[in-house]
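Hi everyone, thanks for making time. I'd like to walk you through one model, so have the viewer open and follow along.

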Amino acid sequence: MSFSKQLDGFLNKAKEKIEKYQADRRPPPPPQQQQWGPPGAAAPPPLPPHPSGPPFYWRPAFSPHEPVSAHFHHQLGDHGWGNNEAQNYTSEPTNSFHTPSNALVLRAVANRSAPAGQQYTSARLTSHTTLSRDRGFLLARITAPCARGVWPAFWLLPREPFTWPVDGEADIFEAWNGDRVNHSCLHWGHFNGDDWNKHRVVETPIPALDHPEGRWYGFAWDQPPDGRGGRLVWYIDGRPVMKAHIPEGTRRISDWQIILNVAMGGNVCQGILPEDGVYDLVVHNLKLCEEPAGGWGCFERDWHTAPEGHTM
């Protein structure tokens, strides 16, 4: 065999090895858009809206070796919470805890044979941190309980002290009374004739909202440094489901805090109380990100395609 043929053979083998190495290191294709499926169908585990996820600036570990109070304040009481709710919010580990798999669980317990004040217990958690920035993206993967008389929620209020509702409220996920519908909401007024247009909502059916692997709920905000005006977009499984301008006069979004809770009974549940049992809201992942999945260019596209909420 001539030297030139030997050299060609050597170069071809080297080329094959390089191509194989590059193929092995090539990133996987992006996930397909998650579908929500028909009622009663077992949905496959949802994929994150971005293969590696956007960079984050706050992410609690939910370690079983640290208390829930490391990242959240327990709000306590059984005074109805403005909605005639039945639950007594406690700081007991039976109502909020971290799992060995690094998830946060808020557990509502209904036990009608328990003493008064202990028949309906649950947890309401407010993050120590605020959103902290003029623009960013809040993302959580949550498995929610779905039953009559139960009202799980993942939402935002300004840091205390604040004036409700004029300082503003944003509801990222909430489902009422086992209806398997998410209510993306923005509130900045009272429920009266004068403020009839200061409540915006989009209802999104999610038949598999209690799937064990959870659903992804996101909230992006972009506000000028002076805190006046700006834009908001709500997401479910990476899809923009609602948009809104930040109302004039509300508190700047960087001052808002994360709230997680499971309520029982009350006006929203039409006075219905849950059957005896345990109702878990499981937070598998929670983080504050520097930008939405896909970056701020994607946010601009989502802003133009997402629907505005209708008045309640």
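**Loops, pocket, core and helix**

Let me start in a loop: aspartate 237 sits between S14 and S15. Keep in mind that this is a predicted model. Aspartate 237 isn't a glycine, yet its phi is positive, about 50°. Most residues other than glycine have a negative phi, and most peptide bonds are trans. So is aspartate 237 buried or exposed? With a relative accessible area of 4%, aspartate 237 is buried.

Now compare asparagine 84, in the loop between strand S2 (72–74) and strand S3 (88–89). Asparagine 84 also isn't a glycine and has a positive phi, about 60°. Asparagine 84, though, counts as exposed because its relative accessibility is 59%, and the cut-off for exposed is over 50%.

While we're on backbone geometry, go to the loop between S9 and S10, where you'll find proline 161 and proline 165. Glutamate 160 and proline 161 are joined by a cis peptide bond, omega about -5°. Tryptophan 164 and proline 165 are joined by a cis bond as well, with omega about 5°.

Okay, zooming out. The protein chain has 312 residues, and 51% of them count as buried. We've got 2 helices and 18 strands. If you take contacts between residues at least 6 apart in sequence, 72% of them join residues at least 24 apart.

Next, the pocket. The largest one has a volume of about 750 Å³. There are 32 lining residues, and those closest to the centre are Trp81, Arg124, Trp155, Trp164 and Glu169. You'll recognise Trp164 from that second cis bond. Which elements give two or more residues to the lining? They're strands S7 (124–130), S9 (150–158), S10 (169–174), S11 (181–187) and S16 (256–264). S9 supplies the largest share, 5 residues. By type, the lining splits into 16 nonpolar, 10 polar and 6 charged.

Since S11 came up, click on serine 184, which belongs to that strand. Serine 184 counts as buried because its relative accessibility is 1%. Leaving out residues up to four places away in sequence, serine 184 touches Asp171, Ile172, Arg200, Val201, Val202, Trp234, Val241 and Met242. Serine 184 and lysine 243 are 59 residues apart along the chain, with their C-alpha atoms separated by 9.5 Å.

On to the core. The largest nonpolar core holds 50 residues, and the ones touching the most other members are Leu138 and Phe154. Apart from that core lies another, of 10 residues, including Phe137, Trp216, Ala220 and Val233. Back to phenylalanine 154: beyond its neighbours within four places in sequence, its contacts include Leu138, Ile142, Phe173, Tyr217, Ile259 and Leu286. Asp171 is also in contact with phenylalanine 154, and you've just met Asp171 touching serine 184.

Last stop, helix H2, residues 296–305. Its buried residues are Trp296, Cys298, Phe299, Asp302 and Trp303. Those residues cover an arc of only 145° around the axis, so they end up on the same side of H2. In general, an α-helix has 3.6 residues a turn, so residues three or four places apart point the same way. What do the buried residues of H2 pack against? That would be strands S8 (135–143), S13 (215–222), S14 (231–236) and S15 (239–245). The face turned away from the buried side carries exposed Arg301, His304 and Thr305. And S14 and S15 bring us back to aspartate 237, in the loop between them.

Terms used. Residues are numbered from 1 along each chain as its sequence is written. This is a predicted model: local features need pLDDT of at least 70, side-chain atom pairs count only at pLDDT 80 or more; totals for chains, interfaces and linings use all residues. Side-chain values use heavy atoms; hydrogens and water are left out. A nonpolar core is a set of buried Ala, Val, Leu, Ile, Met, Phe, Trp, Tyr and Cys residues joined through side-chain atoms within 4.5 Å. Buried means under 20% relative accessible area, exposed over 50%, partly exposed in between (1.4 Å probe, protein chains only). Contact means heavy atoms within 4.5 Å. On a 1 Å grid over the protein atoms alone, a cavity is a set of points where a 1.4 Å probe fits but cannot get out, and a pocket is an open set with protein on both sides within 12 Å along at least five of seven lines; lining residues have an atom within 4 Å of a point. Grid points are joined across faces, edges and corners, and a volume is the space filled by probe spheres set on the points. Helices (H or I, at least four residues) and strands (E, at least two) are DSSP runs, numbered from the N terminus. Ala, Val, Leu, Ile, Met, Phe, Trp, Tyr, Cys and Pro count as nonpolar, Asp, Glu, Lys and Arg as charged, and the others, Gly among them, as polar. The arc is that of the directions from the helix axis to the C-beta atoms.
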